[in-house]
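Welcome, and please load the model in your viewer. We will go from one stop to the next, with something to select at each.

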Number of protein chains: 2
Amino acid sequence: MPRTTDGDTTPVPQRLLAAATRLFAEQGYDRTSVQEIVEAAGVTKGALYHYFGSKDDLLHEVYARVLRLQQERLDTFAGADQPVGERLRGAAADVVVTTIENLDDASIFFRSMHHLSPDKNLQVRAERRRYHERFRALIEEGQQTGVFTKETPADLVVDYHFGSIHHLSTWYRPDGPLSKQEVADHLADLLLRALRP
Amino acid sequence: MPRTTDGDTTPVPQRLLAAATRLFAEQGYDRTSVQEIVEAAGVTKGALYHYFGSKDDLLHEVYARVLRLQQERLDTFAGADQPVGERLRGAAADVVVTTIENLDDASIFFRSMHHLSPDKNLQVRAERRRYHERFRALIEEGQQTGVFTKETPADLVVDYHFGSIHHLSTWYRPDGPLSKQEVADHLADLLLRALRP
DNA sequence: CCGCACATACCGACTGGTTAGTCTGGCGTC
DNA sequence: GACGCCAGACTAACCAGTCGGTATGTGCGG
């Protein structure tokens, strides 16, 4: 077994990732020094550069985790055996809930994209596009079957909805009047109402 | 007359602000050095620190300009002599157009807030809140007169709409298939349809 | 209408501090 | 004794902001 520092027995790479996620969300990528991260994780630079190639790598890992999670959940909802309206509502509400449950990840995602190295940025964008297209397909299906209005291009509707989701981290307060489920239902309602023919 | 550098006769402070805006939007606040800014503006550090107190000051100026402009335009639309539905549609579409016309400002706005010093951050937030409240008042007016549905809290509707606007800079491409006016009309439509009773 | 004092606008070398990433070495386990 | 795991001092680069200095313009007393 690798040496355990202090009482914390969770593996060092995960501790580093967790510390980095929190600090990046609180202060931003550039304002967070590698020194701060390793101190928060209770290790030293040697450990960090043993597991990760660079500070940039750490950021990329955060993105990869979020993307994997969201893609999986969307697949579940999109593939369900329900009318398209219900599938879209389910997916739209679920992405709100999981975003709120990982607000740190979300705020990093939308504030720090441009800090990724060009190739990693491209990779993330491609992954992201796949996600959007999946979501868009749901809307187009509804439009073609006449359940949703065709007045607005599906592309635009997707960007409209995800814009607001990306900004949840700016205004959602866990101690506010609305629970995450309530917010999710409201936002899904807004989307569905906007799509009514 | 103050010394003019090269052929550019626009005042130095404005040149600095323009250069800073572009660079902040392209690379982010932290990734942009003061040296880069002054080089892009064709002056030196002495000039920058003659007109601005700090790098932070420069960022604050960008915010102040945007806020002033948006507040003025909203006031115009909100105070028009029209039914509330038309006033809201006008305001909602206009903010999209002006945001697209100043995409650099917009991307700085939503990405670099946390780089402002705490007191300036507070100031900007307060100003921003006033703007949101103004917008919310329009929606509430429509809800009370029965033109809009009351199903979703007005607060949430405002955040929903502005979330998508803040993210225009991530997906809107001037060379894309839709003109800024078309995008604005579509987004205003989405909002109005979502508010239909 | 001259000349002196003062102000405004800017230059650019310099400083003190911070940072990402490297490297050597040592500890523990198989 | 080899190898994975990690410590921590070190380095080279960079950066915001400072400061003494210079050039141009402006007001005023004589």
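Helices (H or I, at least four residues) and strands (E, at least two) are taken here as DSSP runs, numbered from the N terminus. With that in hand, select B:Leu156, which sits in helix H8 (residues 154-166) of chain B. Is B:Leu156 buried or exposed? A residue counts as buried if 20 or more other C-beta atoms lie within 10 Å of its own, as exposed if 12 or fewer do, and as partly exposed in between, with C-beta atoms placed from the backbone. B:Leu156 is buried, because 20 other C-beta atoms lie within 10 Å. Now add B:Ala25, 131 residues away along the chain: the two C-alpha atoms are separated by 28 Å.

Some housekeeping before we move on. This is a predicted model, in which local features need pLDDT of at least 70 and side-chain atom pairs count only at pLDDT 80 or more, while totals for chains, interfaces and linings use all residues. Residues are numbered from 1 along each chain as its sequence is written, and chains are lettered from A and ligands numbered from 1 in the order in which they are written.

**Chain A as a whole**

Show chain A as a cartoon. You will find 10 helices and 0 strands, and the C-alpha trace spans about 60 × 40 × 30 Å along its principal axes. Of the 197 residues in chain A, 38% are buried. Two residues are in contact if their C-beta atoms, placed from the backbone, lie within 7 Å. Among chain A contacts between residues at least 6 apart in sequence, 70% join residues at least 24 apart.

**Helix H1 and its neighbours**

Next, select residues 12-27 of chain A, helix H1. Its 16 residues should span 22 Å at 1.5 Å a residue (the span is 1.5 Å times one less than the number of residues), and the end C-alpha atoms are indeed 22 Å apart. Colour the buried residues of H1(A), among them A:Val12, A:Leu16, A:Ala19 and A:Leu23. The buried residues of this helix pack against helix H2 (34-41), helix H3 (45-51), H4 and helix H6 (103-112) of chain A. Just after H1(A) comes A:Gly28, with a positive phi near 90°.

Add helix H4 (residues 55-78) of chain A, which packs on H1 at an angle of about 90° with the axes 10 Å apart. Axes are lines fitted to C-alpha atoms, for helices over the stretch in contact, and angles run from 0 to 180 degrees between N-to-C directions. Angles under 35 degrees count as roughly parallel, over 145 as roughly antiparallel, 65 to 115 as roughly perpendicular and the rest as oblique; H1(A) and H4(A) are therefore roughly perpendicular. Show side chains where they meet: A:Leu17, A:Ala20, A:Thr21 and A:Phe24 from H1(A), and A:Leu58, A:Leu59, A:Glu61 and A:Val62 from H4(A).

**Where the chains meet**

Finally, display both chains. The contact takes 23 residues from chain A and 23 residues from chain B. Which helix of chain A gives the largest share of its side? That is H8(A), with 7 residues. The copies meet through the same surface, because 100% of the interface residues of chain A are also interface residues in chain B.

To relate the copies, superpose them by least squares on C-alpha atoms of residues with pLDDT of at least 70 in both. A rotation of 179° with 0.0 Å of shift along its axis brings chain A onto chain B (RMSD 0.1 Å). That is the relation of a two-fold axis. For a last selection, pick A:Ala194, whose C-alpha is the nearest to the axis in chain A, 2.1 Å from it.
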